[in-house]
Amino acid sequence: MKQPKILIVGGAGYIGSVLVRQLLKKNYKVGIVDIFRFGGESLLEIYNHPNLDIFKEDIRNTDKIDKIISKYNIIVNLAAIVGDPACNREPDLTRSINVDAAINLYKLSEKNKCKKFIFASTCSNYGKMKNSKLYVSETSDLVPLSLYAQTKVEVEKYLLSQNRNNICHPTCLRFSTAYGIGPKIRFDLTVNEFTKDLAMGKELLVYGEQFWRPYCHIVDIARAVIATIEAPNKITSFAVFNVGSTKENYTKQMIVDEVRKNLPKIKVKYVLQVDDPRDYRVNFDKIKKQLKFKTIKNVPNGIKEIIKLIKSGILSNPDDEKYKN
Ligand SMILES: NC(=O)c1ccc[n+]([C@@H]2O[C@H](COP(=O)([O-])OP(=O)(O)OC[C@H]3O[C@@H](n4cnc5c(N)ncnc54)[C@H](O)[C@@H]3O)[C@@H](O)[C@H]2O)c1
């Protein structure tokens, strides 16, 4: 395929707004479909870029989306109701966007003879690891314990069960929990939230400090999507990849300890929690070996980045609801 045209669905979001910038830097022609649930300000600096087209559209609008997709070769679906609290607040909306519209998007991509369909899934699909001494990998059992994770597993199952002769080859990317500062800020994710609260001098309440999760910077998540776009179909076709680094698994306690290295006087209270549905340490060998993907960021540096932003005073109110999904 000559330089493909790439459509980022959900391209104004936390991850999408970083991914779109990286693609434009690599001279790709890029389209964004987004309903701007959180506004479109994340695109202010690039909206006028000659290689970018922006479509304010709901992915549930089949006719309009069909026409847009017909102009692109590769579709990346990031659009969703994201995170457990947001999904639990609006379960019907969540199912219609995260499952029905996502499946429809793939059908439209196949109908329009797109070459690749990249689906943003999550390591939350692993739920709780059976053996806390081991790491889960792409072949481990999926235990989706929240509505959010259930919707992601459902779409993965649909995509991976499609006819292997289809023109449009699906790939499922299970992202680690994201962190880092970008054009759209989210302070409702563990590393960002803990660091922000502690940098603002608040006392932090930590529930279940012993539970593990992998974390990945938004810059690296975007790089992993591009690695998937650029890899030959024989590697990415009907494949699942965990996105992150095996070294970047942390307990909540470890994140607090990392913040304390920068801010020795922080106040933290631990709340005993014996059971947490999300407790998983993830192995990322597959993406490293098959896509030659290595992260360039890590949590300790991400924490420094967030502390610097909060201390700079650039954000007039870091607690503003607009920074939460
Ligand atoms: N952020 C994380 O930690 C994380 C971890 C694992 C997986 N993911 C997945 O990555 C993707 C992106 O996550 P994010 O953190 O950037 O989320 P986000 O909420 O910042 O971005 C999602 C974007 O999708 C758009 N959108 C929502 N519904 C839409 C609709 N009906 N039509 C058109 N656009 C719509 C929103 O306006 C938003 O801009 C999601 O699919 C999420 O499930 C994220």
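**Exercise 1. State how strands E9 and E11 pair, and place them in their sheet.**

Solution. Strand E9 (residues 212-217) pairs with E11 in the antiparallel sense, over three bridges. Strands here are DSSP runs (E, at least two residues), helices are DSSP runs (H or I, at least four), and both are numbered from the N terminus. Two strands count as paired if DSSP finds at least two bridges between them. One bridge sets Arg-213 against Tyr-250 in E11.

Next, widen the view. The open sheet has three strands in the order E7-E9-E11, with mixed pairing. Its edge strands, each pairing on one side only, are E7 (177-179) and E11 (249-251). Neighbouring strands are turned by 50 degrees against each other on average, direction ignored.

A note on the basis. This is a predicted model: local features need pLDDT of at least 70, side-chain atom pairs count only at pLDDT 80 or more, and totals for chains, interfaces and linings use all residues. Residues are numbered from 1 along each chain as its sequence is written.

**Exercise 2. Check the length of helix H11, then find its buried side.**

Solution. Start with the span. H11 (residues 299-312) has 14 residues, which should span 20 Å at 1.5 Å a residue; its end C-alpha atoms are 20 Å apart, so the two agree. The expected span is 1.5 Å times one less than the number of residues.

Now the burial. Val-299, Gly-302, Ile-303 and Ile-306 are buried in H11. Buried means 20 or more other C-beta atoms within 10 Å of a residue's own, exposed means 12 or fewer, and partly exposed lies in between, with C-beta atoms placed from the backbone. These buried residues cover an arc of only 100 degrees around the axis, so they sit on the same side of H11. The arc is that of the directions from the helix axis to the C-beta atoms.

Then the surroundings. The cover over the buried residues of H11 includes E7, helix H6 (190-199), E9, E11 and helix H9 (252-262). The face turned away from the buried side carries exposed Lys-311 and Ser-312. Just after H11, Gly-313 takes a positive phi of about 75 degrees.

**Exercise 3. Give the strand order of the seven-stranded sheet, and describe strand E10.**

Solution. The order is E3-E2-E1-E4-E5-E6-E10, in an open sheet with parallel pairing. E3 (52-56) and E10 are the edge strands: each pairs on one side only. The twist averages 20 degrees from one strand to the next.

Take E10 (residues 239-243). Five of its five residues are buried, so E10 is largely enclosed by the rest of the structure. Ala-239, Phe-241 and Val-243 lie on one side, Val-240 and Asn-242 on the other. Five bridges join E10 to E6 (residues 169-175), running parallel. Arg-174 stands opposite Asn-242 in E10.

Elsewhere in the sheet, E1 (residues 5-9) and E4 (residues 74-77) pair in the parallel sense over four bridges. Leu-7 stands opposite Ile-75 in E4.

**Exercise 4. Name the domains and the elements that supply their contact.**

Solution. The domain assignment, automatic or from a database, gives domain 1 (5-178 + 217-243) and domain 2 (179-214 + 247-279 + 298-323). Their C-alpha centres lie 26 Å apart. The contact takes 22 residues from domain 1 and 17 residues from domain 2; residues are in contact if their C-beta atoms, placed from the backbone, lie within 7 Å. On the domain 1 side, helix H1 (16-25), E7 and helix H7 (218-230) each supply at least two residues.

Technical notes. Axes fitted to C-alpha atoms, helices over the stretch in contact; angles between N-to-C directions. Contact = placed C-beta atoms within 7 Å.
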